[in-house]
Amino acid sequence: LPLLLKATLLRLASGSYHPFYNGFYYNHIMNDNDDGQDKVDYFNGARLVVETSQDPVYSYSGANVTLPCHYRYEPDLGPKRKIRIKWSKLRDDYTKEQDVMVAIGKTYMAFGDFKGRAHIHRASQHEASLVISDVRLKDDGKYRCEVIDGLEDESEVVDLRLQGIVFPYQPPRGQYRLNFHEAEQVCQDQGAILANFNQLFQAWSEGLDWCNAGWLADGTVQYPIRLPRKPCGGVHLAPGIRSYGPRHRHLHRFDAFCFSSALKGEVFYLDRLVGMTLEEAKQSCQDAGAEIARVGQLYSAWKFLGLDRCSAGWLADGSVRYPIVTPRANCGPAEPGVRSFGFPSKGRFGVFCYRER
């Protein structure tokens, strides 16, 4: 033990150790010439303050978005110093972070799905804002802006929320047939992703009431109830999100709650006098320079583009649905929504097509 303690003290005295690792070493930085030569930067005595937006930043799929982040010193240090910036994406439970990008001076590197889509926006002297281009559905979430100056390290969190819609999904095989991984896939097949709890809660607050349990992105199984009733947890429970908690991702089977964002393109309806089979419907969309729409695209067009059509049409998964913004006679229930005829094996209908703008 004395020998170990002596070795440790000698190592500390040598100054050759790294305090701890946080994407890069604090006492090991590039110089202003970016020539690979190192210099030591010690604590400067000023307090570093990092500020981000306290309100969520809203965007939609396919857009470009800027997550604001600024820093300052108290007291002010005058000329701009060479600092390091690190952006990371947080999990809902804060247990793990996904690296988004790091920047030192004019040098930066983005990681994973953010390669080619993320960079630092520096319109002012002390700005560290993150720009994400071509926003994707899974970009929704909380991001940490971390600023490091020598031994000073401060960070704040900004919330990116995509404007979107949550919809329940059952496959053609019927209710409760999907394990977690199959639920992820069916949402992806419909131009969507598995919804997270915040997205489901927002949908519930906007009126979503669904008595079938479905997977969420964190591996839990939940369902939203506005009107308590016996088959849905009982009449004595208050309205809210009912939860089964985490379930086995391979063995347990439920439906899925999918999340789709606003569209870059348009959904439109085609029909023939005698209707079309599913294969004829797909071909009609192709002839029109489009593709047969997915379920998520139809929901998005209904919510964000006001698509209202009291005519049933095929979708890519073989289901037949139609969107109603203004309820009226012979168009289903008295509430707005996307009506479903299920997955008919026979029949001739119109078709909803999707085309990029």
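The buried residues of helix α2 pack against four strands in this predicted model: β14 (164–169), β15 (193–194), β16 (214–215) and β19 (255–261). The helix itself spans residues 180–189. Its buried positions are Phe180, Ala183, Val186 and Cys187. Viewed down the axis of α2, these residues fall within an arc of 120°, so they line one face of the helix.

Both ends of α2 show local features. At the N-terminal end, asparagine 179 acts as a cap. A side-chain oxygen of asparagine 179 lies 3.1 Å from the backbone nitrogen of histidine 181. Just after the helix comes glycine 191, with a positive phi of about 70°.

The largest nonpolar core contains 86 residues. Leu67, Trp87, Leu130, Tyr143, Val267 and Phe352 have the most contacts inside this core. Helix α5 (residues 295–304) gives the most to the core, contributing five residues. Leucine 67 illustrates the packing. Beyond four places in sequence, leucine 67 touches Val57, Trp87, Ser129, Leu130, Ile132, Tyr143, Val158 and Leu160.

Confidence varies along the chain. The mean pLDDT is 87, and 85% of residues reach 70 or more. Two stretches stay under 50. One covers residues 1–34, the other residues 38–43. For residues 1–34, the model has 45 contacts beyond four places in sequence. For residues 38–43, the corresponding count is 14. Where pLDDT is low, the predicted coordinates should not be read in detail.

Technical notes: Residues numbered from 1 in each chain as written. Predicted model: local features only at pLDDT ≥ 70, side-chain atom pairs only at ≥ 80, totals over all residues. Heavy atoms only, no water. pLDDT = per-residue confidence, 0-100. Contact = heavy atoms within 4.5 Å. Buried < 20%, exposed > 50% of the residue type's maximum accessible area, 1.4 Å probe, protein only. Helix = DSSP H or I, 4+ residues; strand = E, 2+ residues; numbered from the N terminus. Arc of directions from axis to C-beta. Polar contact = N/O pair within 3.5 Å; in protein donor to acceptor, adjacent residues only side chain to side chain. Core = buried A, V, L, I, M, F, W, Y, C linked by side-chain atoms within 4.5 Å.
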